Amino acid sequence: MKKLILWVKEANAFWVEEMQSIRAYDIAKACGGEIIPFEQAVFEIERVRRDTCGECPSSTEVKT
C-alpha cells in the first residue's frame with residue numbers, strides 16, 4: 001500500500017509540473033514575444049544571472 005501511495009504522489013507531482021509548464025508556455029505565447037531556441041534562452045538567462053549577481057533583472061535586461 002505504501003508503494004502505491006508513493007507512486008500516486010510521484011505521478012501527481014509529475015502532472016502538476018507538466019501543467020505548470022503548459023500554463024507558462026500559454027502565457028508566454030499570449031504575450032506575443034519572440035520565439036527563440038531553448039539553448040539560446042538558457043544562455044541568456046545564465047548571462048543575466050551572472051551580470052546581476054543574483055538580483056532580479058528587469059524585463060528590458062532579459063531581452064537582447
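Does Trp 7 count as buried or exposed, and at what relative accessibility? In this predicted model, Trp 7 has a relative accessibility of 55%, and because the cut-off for exposed is over 50%, the residue counts as exposed. Trp 7 sits in helix α1, and it has company out there: together with Met 1, Leu 4, Ile 5 and Val 8, Trp 7 forms a nonpolar patch on the surface. The accessible area of this patch adds up to about 580 Å².

Stepping back to the whole chain, the fold is simple to list: there are three helices and zero strands, and read from the N terminus the order is α-α-α. Of the 64 residues, just 5% are buried. The chain's accessible surface comes to about 6200 Å², and carbon and sulfur atoms account for 63% of that.

Now for the helices themselves. Helix α1 covers residues 2-30, which makes 29 residues. At 1.5 Å a residue α1 should span 42 Å, and its end C-alpha atoms are indeed 42 Å apart, so the two values agree. After α1 comes Gly 32, with a positive phi near 70°.

Helix α2 takes up residues 38-52, 15 in number. From first C-alpha to last, α2 reaches 21 Å, close to the expected 21 Å. So which residues of α2 are buried? They are Glu 44, Val 48 and Thr 52. These three cover an arc of only 55° around the axis, so they lie on the same side of α2. The face turned away from that buried side carries exposed residues, namely Phe 38, Glu 39, Phe 43, Arg 49 and Arg 50.

Note on methods. Residues numbered from 1 in each chain as written. Predicted model: local features only at pLDDT ≥ 70, side-chain atom pairs only at ≥ 80, totals over all residues. Heavy atoms only, no water. Helix = DSSP H or I, 4+ residues; strand = E, 2+ residues; numbered from the N terminus. Expected span 1.5 Å × (residues − 1). Patch = residues over 30% accessible without salt bridge, like charges linked within 9 Å, V, L, I, M, F, W, Y side chains within 5 Å. Areas by Shrake-Rupley, 256 points an atom, 1.4 Å probe, with all protein chains shown as cover. Salt bridge = Lys/Arg side-chain N within 4 Å of Asp/Glu carboxyl O. Buried < 20%, exposed > 50% of the residue type's maximum accessible area, 1.4 Å probe, protein only. Arc of directions from axis to C-beta.
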